[in-house]
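User: I'd like a close look at the second largest cavity in this model, please. Could you then work outwards to the surroundings, the pockets included?

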Amino acid sequence: MGFIVSCDVKVFKSLDDLSYHFAELLMNEVNSAKHLFNLVLSGGTTPKNIFNFLAINYQTKINWNMINFFWGDERCVTPDNDESNYKLAFDNLLSKVNIPVENIHRIVGEAIPEVETDRYSELIKNNVPLENGTPVFDMIMLGLGEDGHIASIFPNQLNLINSNTICAVAIHPSSNQKRITLTGKVINSSKNIVFVVTGEKKSKVAYEIISNKSNSNKYPASFIRPINGKLIWLMDQSAASLL
Ligand code: 6PG
C-alpha cells in the first residue's frame, strides 16, 4: 500500500470493533486533557453506530462533563427533524450520558443560514482556543460521502476548503438543501481528525484519496490534511477493500 498522504489507517472486521477503537481513542484523549475537550461530531450512519456504542459501553469510562460538543455540519432544519445531525447525536448519545446542557453547542438549523454562520462562528471563537485566528479543536469526527464530501463541503463547492470564514452556508448538490458547515481550514487546524468510514460504496473514493491518486483532487476529503495534528482513518474491511 503506497500511502502518499501521511496518515494512520486502521481497518476493522466489524463496526463494533471500529466503534471500540474510536471510543478508546476518545476516552484517552478526553481523560488526559487538562482542559474542556472541544469535540466536533459528524452526521451519518457510521457516526450513529459509534454514538450508540459509546452510550452503551462508555457511560462511566469517559468524563462526559469535560467535553464541549460541536458539529461539523448541520442541515437547515429544526432539531426535531430526522434530518438533523443534532437529533442524531441527541437521540443516540447525548440524551443517554451525563452532559451539562451548556456544553452542547448545536448549530441552530432553523435559523436564517447566513445569520447562523455568523453566530456559530462567534460561539466557536469564544469557546475554542485560537491559533493565528483559527480555532483549534481537540478532535473532529468526519464521515466520507460517496462523492468524497466531508461535513457539508461538496465537490462543487471546493472553495469552502480554503475559505477564511469558520463556518459557511453550503447547498447539497442534488437536494439543494441548505447546510451550515465548518470550513476546510478549521477542520485542518484540529489536533485530531478522525475519519470513520464503512461500507463498500466508499471503497473507491477512500482508495483514491488515501493513495493520493491524481484524480483525487476532485474530492473535498482529499484536501483534509492536518496542519499540526493527526489524521486517522478508521475503516471497516468493505470500505478498505481496495487499499
Ligand atoms: C452529513 C454528514 C456527512 C456524512 C457523510 C457520510 O451531514 O450527512 O456530515 O458528511 O458524514 O455523508 O455519511 P454515512 O456515514 O451515512 O455514509
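Analyst: Happy to! On a 1 Å grid over the protein atoms alone, a cavity is a set of points where a 1.4 Å probe fits but cannot get out, and its lining residues have an atom within 4 Å of a point. The model is predicted, so local features need pLDDT of at least 70 and side-chain atom pairs count only at pLDDT 80 or more, while totals for chains, interfaces and linings use all residues. Residues are numbered from 1 along each chain as its sequence is written, and side-chain values use heavy atoms, with hydrogens and water left out.

The structure holds two cavities of 30 Å³ or more. The second largest has a volume of about 40 Å³, where volume is the space filled by probe spheres set on the grid points, joined across faces, edges and corners. Around this cavity sit Phe-22, Leu-26, Leu-39, Leu-41, Phe-51, Leu-54, Trp-64, Phe-69, Leu-93 and Met-141. By class, that lining is made of 10 nonpolar residues, with no polar and no charged ones (nonpolar: Ala, Val, Leu, Ile, Met, Phe, Trp, Tyr, Cys and Pro; charged: Asp, Glu, Lys and Arg; polar: the others, Gly among them). Helix H1, strand S2 (37-41) and helix H2 each supply at least two of the lining residues; helices (H or I, at least four residues) and strands (E, at least two) are DSSP runs numbered from the N terminus.

Let's start outwards with H1, which runs over residues 15-32 and has 18 residues. Two of the cavity-lining residues, Phe-22 and Leu-26, are among the buried residues of H1 (buried: under 20% relative accessible area; exposed: over 50%; partly exposed: in between; 1.4 Å probe, protein chains only). The other buried residues of H1 are Leu-18, Ser-19, Ala-23, Glu-24, Leu-25, Met-27 and Val-30.

S2 and H2 lead us on to Gly-44, which is found in the loop between them. Gly-44 is partly exposed, since its relative accessible area is 34%. Beyond its neighbours within four places in sequence, Gly-44 is in contact with Asn-85 and Leu-88 (contact: heavy atoms within 4.5 Å). The C-alpha atoms of Gly-44 and Ala-89 are separated by 9.9 Å, although these residues are 45 places apart along the chain.

Now for the pockets. The largest pocket has a volume of about 370 Å³. Its lining counts 22 residues, of which Gly-43, Gly-44, Leu-144, Gly-145 and His-149 are the closest to its centre. H2 (45-57) and strand S4 (73-75) are the elements that give two or more residues to this lining, and H2 has the largest share, with three. A pocket, for reference, is an open set of points with protein on both sides within 12 Å along at least five of seven lines. The lining of the largest pocket divides into five nonpolar, 11 polar and six charged residues. H2 thus belongs to both pictures, as it also supplies at least two residues to the second largest cavity.

The second largest pocket has a volume of about 180 Å³. Its lining includes Glu-131, Asn-132, Thr-134, Val-136 and Lys-185, together with Ile-227, Asn-228 and Gly-229. Here the classes are two nonpolar, seven polar and three charged.

Two further helices deserve a look. H4 covers residues 113-127, and its buried residues are Pro-113, Glu-116, Thr-117, Tyr-120, Ser-121, Leu-123 and Ile-124. Seen down the helix axis, these residues fall within an arc of 165°, so they line one face of H4; the arc is that of the directions from the axis to the C-beta atoms. On the other side of H4, Val-115, Asp-118 and Asn-126 are exposed. The buried residues of H4 pack against S3 (67-71), S6 (134-135), S8 (167-171) and S9 (178-182).

H6 (residues 203-210) is mostly covered, with six of its eight residues buried: Ser-203, Val-205, Ala-206, Glu-208, Ile-209 and Ile-210. Strands S1 (8-12) and S11 (230-236) are included in what covers them.

Finally, some backbone details. Just after H6, Asn-212 takes a positive phi of about 55°. Ala-151 has a positive phi near 50°; this residue lies in the loop between S7 (139-142) and S8 and counts as buried because its relative accessibility is 11%. Asn-176, in the loop between S8 and S9, has a positive phi near 60°, but Asn-176 counts as exposed, at 54% relative accessibility.

Key
The expected span of a helix is 1.5 Å times one less than its number of residues.
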